[in-house]
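Visitor: Please show me the model, and guide me through its fold and its pocket.

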Amino acid sequence: NQRVPMNSLQCAARVYELLDILLRNPPAIAKKYRRLQPAIAHIEKHPTVDANVAFYANLCGMSTSGFRRSFREYVGVSPIEYRNDLRLRYAKMLLISGEYSAEEAAHQSGFNNISFFYRLFRRKFGTSPGKF
């Protein structure tokens with residue numbers, strides 16, 4: 001039974017079909033991770049807010065250590081790494097717009113330490129923010 005390779009149009013159609021299935025039937029969140037939703041929602045809605053892990057744990061009614069452990073298990077990174085990733089993607093969008101300098105984009109996206117921003121940006125995107 002040999003498979004015939006799909007052309008790009010067939011491949012795209014298959015991807016959209018799978019996305020449609022996922023959107024109509026979202027995967028269930030395991031019960032132990034449902035408690036994380038208030039923190040995840042807060043981080044996604046307010047990524048520029050400098051809240052600490054204890055604040056997020058409190059939103060979820062969890063201990064700080066339990067929250068950190070569950071968050072890392074569920075998301076794959078720490079809460080602060082997750083927030084920084086959102087900030088970096090936002091800063092990248094600001095830089096691509098051409099309306100912001102690297103320093104302005106850093107501040108607008110919630111980074112107060114410019115050297116830290118440059119270091120994280122280079123690590124994530126493989127180039128300095130000034131190149132955008």
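**Fold and pocket**

Guide: The chain holds eight helices and zero strands. Here helices (H or I, at least four residues) and strands (E, at least two) are DSSP runs, numbered from the N terminus. This is a predicted model, in which local features need pLDDT of at least 70, side-chain atom pairs count only at pLDDT 80 or more, and totals for chains, interfaces and linings use all residues. Residues are numbered from 1 along each chain as its sequence is written, and side-chain values use heavy atoms, with hydrogens and water left out.

Visitor: Is the chain more spread out than a compact globule or less, and what is its radius of gyration?

Guide: The globule rule, 2.2 Å times the number of residues to the power 0.38, is set against a radius of gyration taken over C-alpha atoms. For 132 residues the rule gives 14 Å, and the chain is well over this, so it is more spread out than a compact globule, with a radius of gyration of 19 Å.

Visitor: What percentage of the 132 residues count as buried?

Guide: Buried means under 20% relative accessible area (1.4 Å probe, protein chains only). By that cut-off, the buried part of the 132 residues is 30%.

Visitor: Which helix supplies the largest share of the lining of the largest pocket?

Guide: A pocket is an open set of points on a 1 Å grid where a 1.4 Å probe fits, with protein on both sides within 12 Å along at least five of seven lines; lining residues have an atom within 4 Å of a point. Both α6 (79-97) and α8 (114-125) supply at least two lining residues. The largest share, five residues, comes from α6.

Note on methods
Buried means under 20% relative accessible area, exposed over 50%, partly exposed in between (1.4 Å probe, protein chains only).
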